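Here is a short briefing on the ligand site and two backbone details. Have a look at the sequence and structure first, then read on.

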Amino acid sequence: MLKGSFELIGDKSISHRAIMLSSISKGKNKISNFLMGEDCLSTINCFRKMDVDIEIDNNEVYVTGKGLRGLKPANNMENLLLDVGNSGTTIRLMMGILSGQNFKTTIIGDESIGRRPMKRVTDPLRQMGAIITGKDDANLTPITIEGGNLTHIDYNMPVSSAQVKSALILASLYGDDTSFIHEKSKSRNHTEIMLKSFGADIQVNNLDIKVNPVEELFNRDIYVPGDISSAAFIIVGALICENSEVLIKNVGLNDTRVGIIEVIKKMNGNIEIIDEHEICGEKVGDVLVSYSPNLVGTTIDKDLIPKLIDEIPIIAVLATRAEGDTIIKDAAELKVKESNRIKSVVDNLNLIGAKAIELEDGMIIKGKSKIQGGKIQTFNDHRIAMAFSIADLISSEKVILDSHKCIDISFPGYFNLLNKLSNY
Ligand code: S3P
């Protein structure tokens with residue numbers, strides 16, 4: 001049983017963007033409720049290496065921006081090496097910014113980053129004039145970027161990805177004329193929202209984005225709402241454990257992120273949003289969730305996928321408690337996340353006694369299967385680790401994770417919180 005209420009930690013996507021935009025703004029910025037997860041700390045370290053003064057004080061971060069063209073290798077370092085660790089958001093968004101800087105940088109990351117495709121960012125940035133080299137024609141790290149003198153772009157995105165979209169929007173700030181970016185389906189729009197508030201000239205018309213180059217971005221203070229992708233684990237825990245009731249305060253409820261709430265409602269889950277309001281252009285509210293004994297399976301596909309792409313591992317765990325099958329399609333992107341999340345979810349579900357089938361672009365989860373337990377492989381993927389820690393709450397024997405260190409990537413303090421809610 002999970003019971004209690006708590007204030008949610010800051011959103012990972014918004015925390016990254018807050019550091020990046022503050023760093024290239026002109027002046028002082030204060031970021032509140034910043035997520036002190038390893039991924040966001042990687043972003044801070046990269047920008048510190050580009051001479052940005054960044055101070056951390058508990059959950060607040062103070063950034064003195066260098067201006068749009070003021071980044072430089074700190075201490076006149078030659079061969080500037082930036083290590084993004086495990087963070088796909090850091091590398092892809094930063095590639096957009098680095099394409100506008102007139103110095104040379106090499107980006108490296110951990111073993112998982114070394115397997116993730118960067119060609120989706122490299123190709124359009126090369127079209128804009130950035131010189132990008134690296135392994136497998138700069139698809140894989142290490143990747144070296146020499147920026148400056150960018151042109152503009154009119155680009156139809158072949159994949160739905162907020163990281164690619166954001167990289168191109170950021171590079172467009174440095175272009176020689178107006179750029180146009182066309183999305184395939186709507187992905188998270190935090191970059192667009194935050195950039196506007198920094199004074200950028202950006203217009204969005206559904207899937208079409210128009211960006212004009214600017215001289216400078218203003219400085220400003222940013223409040224980071226809670227991370228719905230982190231809340232998702234506790235939400236599902238409360239839906240599947242008898243007698244649970246949890247109030248999660250301060251959840252970011254941006255329309256491009258609330259796919260999981262739509263799905264839970266479709267599945268007959270008890271979930272309610274209270275006190276919805278707006279902070280810094282982002283919707284925020286409290287989420288009240290309780291045990292839901294009458295869950296039903298559903299189909300998740302098409303335009304819904306980008307709105308819940310990071311929540312699929314935990315939705316798969318939820319689906320084992322539903323009556324009937326849950327089908328997840330159009331989600332081939334899962335294969336190129338921190339791990340191949342189609343395989344890591346399906347194999348681990350079957351290992352602990354549930355029944356799941358791997359599809360080319362998703363999975364089918366059989367409902368009402370009995371979770372036995374067993375030792376699962378996380379592949380050092382934070383969301384796999386947390387999803388299966390929730391499966392442990394309903395299994396007859398323990399679900400043991402091969403490692404849980406990776407959870408610090410996005411949710412420091414996760415087990416403390418889970419224990420607190422379990423021992424209420
Ligand atoms: C993110 C976008 C998503 C998501 C990732 C964070 C972002 O990736 O999976 O965890 O902050 O822009 P894609 O845009 O590649 O789908």
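**The ligand site and two backbone details**

Around the ligand, with a heavy atom within 4 Å of it, are Ser13, Arg17, Thr89, Arg92, Ser161, Ala162, Gln163, Arg188, Ile309, Asp310 and Lys337. This is a predicted model, in which local features need pLDDT of at least 70, side-chain atom pairs count only at pLDDT 80 or more, and totals for chains, interfaces and linings use all residues. Residues are numbered from 1 along each chain as its sequence is written, and side-chain values use heavy atoms, leaving out hydrogens and water.

**Make-up of the shell**
- The shell residues divide into two nonpolar, four polar and five charged (Ala, Val, Leu, Ile, Met, Phe, Trp, Tyr, Cys and Pro count as nonpolar, Asp, Glu, Lys and Arg as charged, and the others, Gly among them, as polar).
- Domain 1 (11–220) and domain 2 (228–422) both give residues to the shell around the ligand, so the ligand lies between them; the bounds come from an automatic or database domain assignment.

**Polar contacts and burial**
- Polar contacts here are pairs of N or O atoms within 3.5 Å.
- Ser13 places a polar side-chain atom 2.7 Å from a ligand oxygen atom, and for Ser161 a side-chain N or O atom is 3.0 Å from a ligand oxygen.
- Lys337 also has a polar side-chain atom 2.7 Å from an oxygen atom of the ligand.
- The ligand taken alone exposes 380 Å², and the protein buries 95% of that (Shrake-Rupley method, 1.4 Å probe).

**Backbone details**
- Most residues other than glycine have a negative phi, and most peptide bonds are trans.
- The Thr141 to Pro142 peptide bond is cis, with omega near -5 degrees.
- Asn149, a residue other than glycine, has a positive phi, near 50 degrees.

Key:
Polar contact = N/O pair within 3.5 Å; in protein donor to acceptor, adjacent residues only side chain to side chain.
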